[in-house]
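Here is a walk through one protein chain. Keep the sequence and the 3D view side by side as you read.

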Amino acid sequence: MHKVKAKPKVLLTRKLHDFAIKEIQKKYRLEIHSGKIPMPKNLLQRKIADAVGLVCFPYDRIDRDVFDAARNLRVISTYSVGYDHIDLQAAKERKIAIGYTPDVLTDATADLTVALMLDVMRRVTEGDRLIRAGRWRTIFGAHDYVGVDLCGKTLGILGMGRIGRAVAKRVKPFGMNVIYHSRTPLSKSAEKRNGAKYVSMSRLVAESDVLSVHVPYSHQTHHLINKVTFAKMKSSSFLINTARGKIVNEYDLLTALKSKRIAGAALDVFECEPIGVKNNLTKMQNIVLAPHIGSSTEETRAKMAQLTVLNLVRGLEGKKMVYSVV
Ligand code: DGY
């Protein structure tokens, strides 16, 4: 009897858009995890054993143990621009291709960075909290609910990649000066185009009125922003982080906020996500907290899904992915 060959399996650690699922199902048997998030490691190890492809998210830890269990794996496609959750060395050793989703989320993340900057500097959600708590007492006094102007302030961008450059472009109409520090400085013409000046890390920290973090997370950037950094920052300055939580030492940030060593902070990312009310940052007023929503717009998330699928399918067909890491 003629035996129908089963489609190879692709594992999704969480549901994607319907159009993306349909696209993958054309050629692959899809298994979608619908339980606890992130998928427990032992379950992931079990489910990945017979999969040729994996679609994962930034909170999934794809470490060496997972690679060891993935005997048939050829491609990982992560629904994120960050890929610090994947052991790249282990992937390289096994010749497993890694796809990721830069570019499509640049604008959304840069928009959120500016939104957080405006929020913390003009104390928008602080005021919202005040009203909701029934504590709005005085109206329009000279010193009531006073924030600071963006105009004339210096924005320091740490990491001048796609998102850093998009943030630089956005703050120009606000009248901000932009300085930056990056592993690789831009060319002189690109600096001109982006209206940004390269400075050393110590100058960036000392001269910024707003320091915005846009470097990827790695061993080198772990706790790059710490008590030494805060000690050098202006006491009137703000920290914005829409990159990765572990780049900032959260305990040192909390201390800096409590002691007013810096004026405020706005975070979209945290050392250990999700955070809850037990996290002492939630007790502070001079901080704006967002639940990792840098890329969270309808349009961007759909584009990310499209790119994730394209990377996966191309990778599995042995073709060049649109964006690949290794
Ligand atoms: C990414 O893509 O890495 C973001 O942090 C997820 O929104």
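How many residue pairs are in polar contact between domain 1 and domain 2? The count is 1 residue pair, with both residues at pLDDT 80 or more. That threshold applies because this is a predicted model, in which side-chain atom pairs count only at pLDDT 80 or more.

Start with the two domains themselves. The domain assignment gives domain 1 as 9-102 + 299-316. Domain 2 covers 106-289. The centres of the two domains, taken over C-alpha atoms, are separated by 32 Å. At the boundary, 5 residues of domain 1 are in contact with 4 residues of domain 2. The two domains bury about 460 Å² between them. Carbon and sulfur atoms carry 51% of that area. On the domain 1 side, D84, P102 and T300 supply 70% of the area buried against domain 2. No other three residues supply more.

Which charged side chains meet in a salt bridge with a distance of 3.1 Å, N to O? They are R244 and D84. D84 belongs to the stretch 9-102 of domain 1, while R244 falls within 106-289 of domain 2. The count of salt bridges between the two domains is 1. D84 is also one of the three residues named above for buried area.

Now turn to the first sheet. It is open and has 5 strands, in the order β2-β1-β3-β4-β5. The pairing is parallel. In general, strands of a sheet pair through backbone hydrogen bonds, either parallel or antiparallel. The edges here are β2 (29-32) and β5 (97-99), and each of them pairs on one side only. From one strand to the next, the twist averages 20°.

Look closer at one pairing in this sheet. Strand β1, residues 9-12, runs parallel to strand β3, residues 51-56. The two are joined over 4 bridges. To find one of the partners, locate K9: its bridge partner in β3 is A51.

Helices lie across these strands. Helix α1, residues 18-25, lies across β1 and β2. Its direction is at about 140° to β2. Helix α12 comes from much further along the numbering, at residues 298-316. This helix lies across β1, β3, β4 (75-78) and β5. It runs at about 170° to β4.

Next comes the second sheet. How many strands form it, and in what order? It has 7 strands, ordered β8-β7-β6-β9-β10-β11-β12. This sheet is also open, with parallel pairing. Its edge strands are β8 (196-198) and β12 (287-289), each pairing on one side only. Neighbouring strands are turned against each other by 20° on average, direction ignored.

Again, one pairing shows the detail. Strand β6 (residues 154-158) and strand β9 (residues 210-213) run parallel and are joined by 4 bridges. Within this pair, L155 stands opposite V210 in β9. A helix lies across part of this sheet too. Helix α11, residues 250-258, lies across β10 (238-241), β11 (264-267) and β12. The angle to β11 is about 145°.

Salt bridges also occur elsewhere. A search of the whole structure finds 22 of them. One is between R64 and E93, whose closest N and O atoms are 2.9 Å apart. R64 lies in helix α3 (residues 64-69) and E93 in helix α4 (residues 88-93), so this pair ties together parts that are 29 residues apart in sequence.

Finish with some backbone details in the loops. Where does P38 sit? The place of P38 is in the loop between β2 and α2 (41-48). The peptide bond from I37 to P38 is cis, with omega near -10°. The bond from E273 to P274 is cis as well, with omega near -5°. P274 lies in the loop between β11 and β12. F140 has a phi near 50°, a positive value in a residue other than glycine. Look for F140 in the loop between α6 (124-132) and β6.

Technical notes. Residues numbered from 1 in each chain as written. Heavy atoms only, no water. Pairing = 2+ DSSP bridges. Axes fitted to C-alpha atoms, helices over the stretch in contact; angles between N-to-C directions. Contact = heavy atoms within 4.5 Å. Domains from an automatic or database assignment. Buried area = accessible area lost by both parts, 1.4 Å probe. Salt bridge = Lys/Arg side-chain N within 4 Å of Asp/Glu carboxyl O. Polar contact = N/O pair within 3.5 Å; in protein donor to acceptor, adjacent residues only side chain to side chain.
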